[in-house]
Amino acid sequence: MARPFARERQLAISAVRRACALTDSVFNKLVKNETLTKGDKSPVTVGDYAAQALISSMLARAFPDDPIVGEEDSKDLRVEEGRALRERIVELANEAINAPLIDGDDVAWGIGPGQTKKTDEILDAIDRGSHEGGRNGRMWTIDPIDGTKGFLRGEQYAVCVSLIVDAQVQLGIIGCPNLPLDLSKPDSERGCIFLAIKGQGCFQLPLNGPSEALLRMPAFTPATLSFLESVEAAHSSHSTTDTISTLLGITKPPLRMDSQAKYGCLARGDGGLYLRMPTGVGYREKIWDHAPGSLLVEEAGGIVTDSRGERLDFGLGRTLGENFGVVAAGGEVHPAVLKAVQQANSAKAKV
Ligand SMILES: Nc1ncnc2c1ncn2[C@@H]1O[C@H](COP(=O)(O)O)[C@@H](OP(=O)(O)O)[C@H]1O
Ligand SMILES: [Mg+2]
Ligand SMILES: [Mg+2]
Ligand SMILES: [Mg+2]
C-alpha cells in the first residue's frame, strides 16, 4: 500500500521544482520596475506572483476541493497601472507551466507543453490563495518566495508549501535554489529541497536530482551550539537574541539567513537553534512562514515552540495569533534555550 500523502508528496516536489526554476530565471532577468511595495512596505516581485499562480493552479488540478492560504493576491495587478506587471507575470507563469515534463511530473496537473493559460486564469489561480484558514479540514499554504528581501539581494530565499489537516501540518516542503547542499563546503552544488511528512521523517534532496538523504538533528552542547536568525533586524530582534546567546554561553557568531532556509539548515544540523524574537507589538506571524519549516525540524528530531513553550497554532486563521516569537531547537537543548529566552524577555520587560 502507498504511504500516506504519497500523491501530495509527488505533486509538492514537482510544483516546488518548477517554481524554483521560475524564480531562479526571474532573478537573472529582473528589472527595477518588476517589483512592487505592498501596503505593509514589504516587497513583492513578478516572481512571487508567477510562482504562486503556478503552484496554486497545479494544486487546484490535483486537489480541486482543497482550499489554499497563499501570501499573495492579485488586487494590484487587476488595475490599469498594473498592466505591464500583469502581462509579465502571465508570461512567466505560462513559461513555467509549459516547461517540458520531467520525472515525477504528471500531465494531469495541467503542466507541460501546450497548457497555456489566459490572463484571467492566472489571476484567479493567484486568488485561490485567499482562504481564511481555520481549525478544520485540509488546506494548503503557499509562500511563493519566502525571504523576498533575500531573493532581491541574491542571497537565500525559499519556495514554501505545506498541507495542514485539522490544524496539524502533515506535509512541509521548501525549495532553496541558492543554498549549498553542504554549508561547510560553500562551493558545493547549490539548490536544495527539504521535505517532511508527519511520521515519515525529514529529507533533503538536490533541487534537480532524485537522491534523498534522511535528516536527523545531531545533539548539541552549549560549546558546540550556534544559532540561526533573520538577516532583517526588523523581523527578529538581534539585541534580544544576543542576550539569549550570552545567557546560554554561546560563543559562535549567529548565522544570519533569510527565509525558511533557516528551518532546513536547522533540520540538517547547521546550528542547533533558530530564534525569532518579536521586534515590537502589532506584527502577527503568518502561517505560511512557519508551517512547512516547523514540520521539517520536528521530523528531524527538534522541538518548535513560541517563547512561552507553547506549540505554534496553525488553526487560528492566516496568522499565528499574538506574537510570542519562535524557538526552534534540538530536543536536548530546547528546555535550556526556553529558560534563557524567558530570562532575557523578563529582563527586557523590567527595563
Ligand atoms: N515585522 C516582522 N516581524 C516578523 N516577520 C516579519 C515582519 N515583517 C515581515 N515579516 C516576515 O518575514 C518573512 C521573512 O522571514 P525572514 O526574516 O526569516 O527572512 C517575510 O516573508 P516574505 O519574504 O515571504 O514576505 C515576512 O512574512
Ligand atoms: Mg512577502
Ligand atoms: Mg514569507
Ligand atoms: Mg513570500
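**Questions about a predicted two-domain model**

Me: What makes up the secondary structure of the protein chain in this model?
Reply: The protein chain has 9 helices and 14 strands, and the model is a predicted one.

Me: Why is the protein chain called as compact as a globular protein of its length?
Reply: The radius of gyration of the protein chain is 19 Å, and the globule rule gives 20 Å for 351 residues; these values are close, so the chain is as compact as a globular protein of that length. Along the principal axes, its C-alpha atoms fill a box of roughly 60 × 50 × 45 Å, and buried residues make up 49% of the 351 residues.

Me: Which domains does the assignment give, and how many residues of each are in contact with the other?
Reply: The domain assignment gives domain 1 (6-214) and domain 2 (227-350), whose centres, taken over C-alpha atoms, are separated by 24 Å. Across the boundary, 36 residues of domain 1 are in contact with 29 residues of domain 2. On the side of domain 1 that touches domain 2, at least two residues come from each of several elements, including β4, α5 and β5 (158-165), while β6 gives the largest share, 6 residues. By class, that side of domain 1 has 18 nonpolar, 10 polar and 8 charged residues.

Me: How do you know that ligand 1 lies between the domains?
Reply: Domain 1 and domain 2 both give residues to the shell around ligand 1, so the ligand lies between them. The shell holds 17 residues, and the closest are Thr148, Ser230, His235, Asp258 and Tyr283. Both β4 (138-146) and α5 (148-153) supply at least two residues of this shell, which by class has 2 nonpolar, 8 polar and 7 charged residues.

Me: What shows whether the length of helix α2 agrees with its number of residues?
Reply: At 1.5 Å a residue, the 17 residues of α2 (residues 46-62) should span 24 Å, and the end C-alpha atoms are 25 Å apart, so the length agrees with the expected one.

Me: Why is α2 called mostly covered?
Reply: A residue is buried if 20 or more other C-beta atoms lie within 10 Å of its own, and 14 of the 17 residues of α2 are buried, so the helix counts as mostly covered.

Me: Why is Phe63 called partly exposed?
Reply: Phe63, in the loop between α2 and β3 (68-70), has 17 other C-beta atoms within 10 Å; buried needs 20 or more and exposed needs 12 or fewer, so Phe63 is partly exposed. Phe63 and Arg7 are 56 residues apart in sequence, and their C-alpha atoms are 9.9 Å apart in space.

Me: What makes the phi of Ser259 worth a remark, and is the residue buried or exposed?
Reply: Most residues other than glycine have a negative phi. Ser259 is a residue other than glycine, yet its phi is a positive value near 75°. Ser259 lies in the loop between β11 (255-256) and α7 (261-267), and it is buried because 29 other C-beta atoms lie within 10 Å, against a cut-off of 20 or more.

Me: Where is Asp166 placed, and why is it called partly exposed?
Reply: Asp166 is in the loop between β5 and β6, and it too has a positive phi, of about 50°, although it is not a glycine. With 13 other C-beta atoms within 10 Å, Asp166 falls between the limit of 12 or fewer for exposed and 20 or more for buried, so it is partly exposed.

Notes
Residues numbered from 1 in each chain as written. Chains lettered and ligands numbered in written order. Predicted model: local features only at pLDDT ≥ 70, side-chain atom pairs only at ≥ 80, totals over all residues. Near = placed C-beta within 6 Å. Helix = DSSP H or I, 4+ residues; strand = E, 2+ residues; numbered from the N terminus. Nonpolar A, V, L, I, M, F, W, Y, C, P; charged D, E, K, R; others polar. Domains from an automatic or database assignment. Expected span 1.5 Å × (residues − 1). Rg over C-alpha atoms; globule rule 2.2 N^0.38 Å. Contact = placed C-beta atoms within 7 Å.
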